[in-house]
Amino acid sequence: MRNATPVPIACDLFIGGRWTASETGRHIDVLDPSTEKTIGSVADATPADALRAVDAAAQAADGWAATAPRQRSEILRRCYELMVRDADALASLISRENGKALCDAKAEVLYAAEFFRWFAEEAVRIQGDIGMAPGGASRIVVQYQPVGVALLITPWNFPAAMATRKIAPALAAGCTCILKPATETPLTAYAVVRLLAEAGVPDGVVNVITSSTASKVSNAILEDRRVRKLSFTGSTEVGRILLRKAADAVINCSMELGGNAPFVVFDDADIDAAIDGAMVAKMRNGGEACTAANRFYVQRAVAAEFAQRLASRMGDLVVGDGVDPRTQCGPLVNAAAVAKVGALVDDAVRKGARILAGGRALERDGHFYLPTVLTDVPPDADLLGEEIFGPVAPVVVFDREEEAIALANATEYGLVAYVFTRDLARGLRVSERIESGMVALNRGLVSDPAAPFGGVKQSGLGREGAHHGMLEFMEAKYISVAW
Ligand code: NAP
């Protein structure tokens with residue numbers, strides 16, 4: 001690996017294969033959450049700029065859909081290779097604009113690259129069906145076709161992986177797209193699209209726009225009837241707004257929304273494995289992950305030991321600037337995130353929770369909150385009902401299996417759950433009854449490009465990754481044939 005990608009300091013919009021200024025010439029500053037200093041800027045698109053991106057994507061659509069799957073596959077494979085080649089430079093860019101520890105950023109880049117490798121392999125496996133109609137008069141032929149121009153909207157917490165998890169299946173399916181990354185972390189998206197151009201992605205197939213008025217530019221795009229797909233990752237609140245908007249144009253939607261993951265530890269669990277799993281499930285990205293364990297339910301016999309050992313591991317983490325290679329926990333993304341986490345911890349403590357580790361913001365430049373473990377957390381504490389999105393682990397004791405399942409399901413979210421037990425029958429039984437799109441059984445991580453990622457309830461609609469991820473960008477065409 002080498003540091004080949006130049007860090008883009010000032011980025012224009014990327015439309016139709018060209019770097020182009022926004023209509024107004026205005027830029028948005030990008031800040032480093034470790035230092036609060038400006039590290040770059042990106043063009044600030046208007047609705048008119050957004051429609052130029054739709055023009056480019058629409059013009060490229062037929063050509064890309066008609067490109068042989070093998071050729072699409074080979075371009076995607078090159079995207080994978082280039083991302084791996086530039087992994088160090090991309091990781092450092094992610095650390096700088098998002099704040100996450102370099103080790104997390106490096107892991108993200110490799111995970112993000114894997115979507116290109118996986119969907120390079122899926123691009124040549126677009127299959128259909130053929131069958132006899134029950135009445136015997138015709139054959140039912142079903143083939144899958146690209147849905148068309150797609151709007152991809154991504155959050156700041158995984159600036160590379162959330163983009164590639166959408167771009168790769170869109171391109172594999174034969175769709176062209178417009179990516180609108182989060183304003184907090186837009187530089188990574190532009191660095192990735194540079195690599196896509198180098199890999200041979202034709203002009204107009206992937207366009208990137210950034211804007212300080214996300215709703216105005218996305219509304220303009222969604223009102224354009226040439227756009228046929230919306231793939232969104234972000235908060236449930238914004239997901240609802242976009243679903244309403246997409247309803248007006250009857251646009252095909254995929255929604256990867258918020259989570260409130262339970263982490264259930266039974267008293268027969270391998271506690272070493274549960275602690276290791278908890279550190280990954282809670283602290284990957286400093287807790288700023290939709291999959292982050294948000295509520296720890298631990299059976300009474302092992303609860304005190306689990307909480308103490310977790311507090312000791314959390315308390316030992318090295319907190320510091322994201323780009324410092326010694327750092328294990330970087331800053332939160334901005335001041336509002338620190339204020340939110342602080343308010344949730346204070347609320348729990350006011351209602352009776354005890355602090356075993358952390359429990360406060362760090363007094364220095366940047367947006368730091370100490371890794372925190374709380375115990376004796378009362379049921380009405382706000383942080384059990386809300387996505388914490390920070391390095392805070394609330395521990396709650398339970399007695400019976402039924403109780404653990406009820407607690408785990410007492411949320412409007414349903415993205416992922418973690419279960420630790422040595423009894424596989426119990427593990428599978430509980431996994432089946434927890435209302436979530438994904439369960440990690442005796443593991444602290446579910447994310448895998450080869451697996452269907454997604455939630456139920458208020459955590460979303462549709463799946464990303466696996467073969468499912470490509471079908472989200474395709475529509476079934478049924479041809480009734482008399483032959
Ligand atoms: P967010 O506020 O919902 O923003 C996500 C994206 O939507 C950003 O690009 C944002 O642009 C844009 N946006 C905001 N308001 C919009 C509007 N009215 N119309 C159109 N676009 C709009 O979420 P976030 O704070 O970036 O990310 C954290 C959330 O994402 C958490 O809830 C987390 O659980 C969720 N998430 C889910 C998954 C998953 O796979 N389920 C993965 C990662 C994150 P601006 O940045 O310009 O506001």
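This text leads through a predicted model, beginning with its domains, moving on to two pockets and ending with a pair of helices.

The chain is assigned two domains, and domain 1 is made of two separate stretches, 13–257 and 459–481, while domain 2 covers 261–448. If you mark the C-alpha centre of domain 1 and that of domain 2, you will find that these centres lie 30 Å apart. The two domains also touch, and to this contact domain 1 contributes 25 residues and domain 2 contributes 32 residues.

With the domains in mind, we can turn to the largest pocket, whose volume is about 1100 Å³. Its lining draws at least three residues from domain 1 and at least three from domain 2, and it is made up of 44 residues, of which Pro-155, Trp-156, Gly-234, Ser-235 and Val-238 lie nearest the centre of the pocket. Which elements supply at least two residues each of this lining? They are helix 7 (214–222), strand 11 (227–233), helix 8 (236–249) and helix 11 (335–350), and the largest share, 6 residues, comes from helix 8. When the residues of this lining are sorted by character, 20 are nonpolar, 14 are polar and 10 are charged.

The second largest pocket holds about 220 Å³ of space. Among the residues that line it are Cys-103 and Asp-104, together with Asp-276, Met-279, Val-280 and Met-283, and also Arg-284, Arg-313, Leu-317 and Gln-328. Helix 4 (102–122) and helix 9 (271–283) each supply at least two residues of this lining, and helix 9 gives the most, with 4 residues. Sorted in the same manner, the lining of the second largest pocket has 5 nonpolar residues, 1 polar residue and 4 charged residues.

Finally, we can look at how one pair of helices is arranged. Two packed helices are described by the angle between their axes and by the distance between those axes. For helix 13 (residues 401–409) and helix 14 (residues 424–433), the angle is about 35 degrees and the axes are 10 Å apart, and the crossing of this pair is right-handed. Where the pair meets, helix 13 brings Glu-401, Glu-402, Ile-405 and Asn-409, whereas helix 14 brings Arg-426, Arg-429, Val-430 and Arg-433. How many of the residues in this contact are nonpolar, polar and charged? The contact of helix 13 with helix 14 has 2 nonpolar residues, 1 polar residue and 5 charged residues.

Technical notes
Residues are numbered from 1 along each chain as its sequence is written. This is a predicted model: local features need pLDDT of at least 70, side-chain atom pairs count only at pLDDT 80 or more; totals for chains, interfaces and linings use all residues. Side-chain values use heavy atoms; hydrogens and water are left out. Axes are lines fitted to C-alpha atoms, for helices over the stretch in contact, and angles run from 0 to 180 degrees between N-to-C directions. A crossing is left-handed if the near helix is turned anticlockwise from the far one by less than a right angle, and right-handed if clockwise. Contact means heavy atoms within 4.5 Å. Ala, Val, Leu, Ile, Met, Phe, Trp, Tyr, Cys and Pro count as nonpolar, Asp, Glu, Lys and Arg as charged, and the others, Gly among them, as polar. On a 1 Å grid over the protein atoms alone, a cavity is a set of points where a 1.4 Å probe fits but cannot get out, and a pocket is an open set with protein on both sides within 12 Å along at least five of seven lines; lining residues have an atom within 4 Å of a point. Grid points are joined across faces, edges and corners, and a volume is the space filled by probe spheres set on the points. Domain bounds come from an automatic or database domain assignment.
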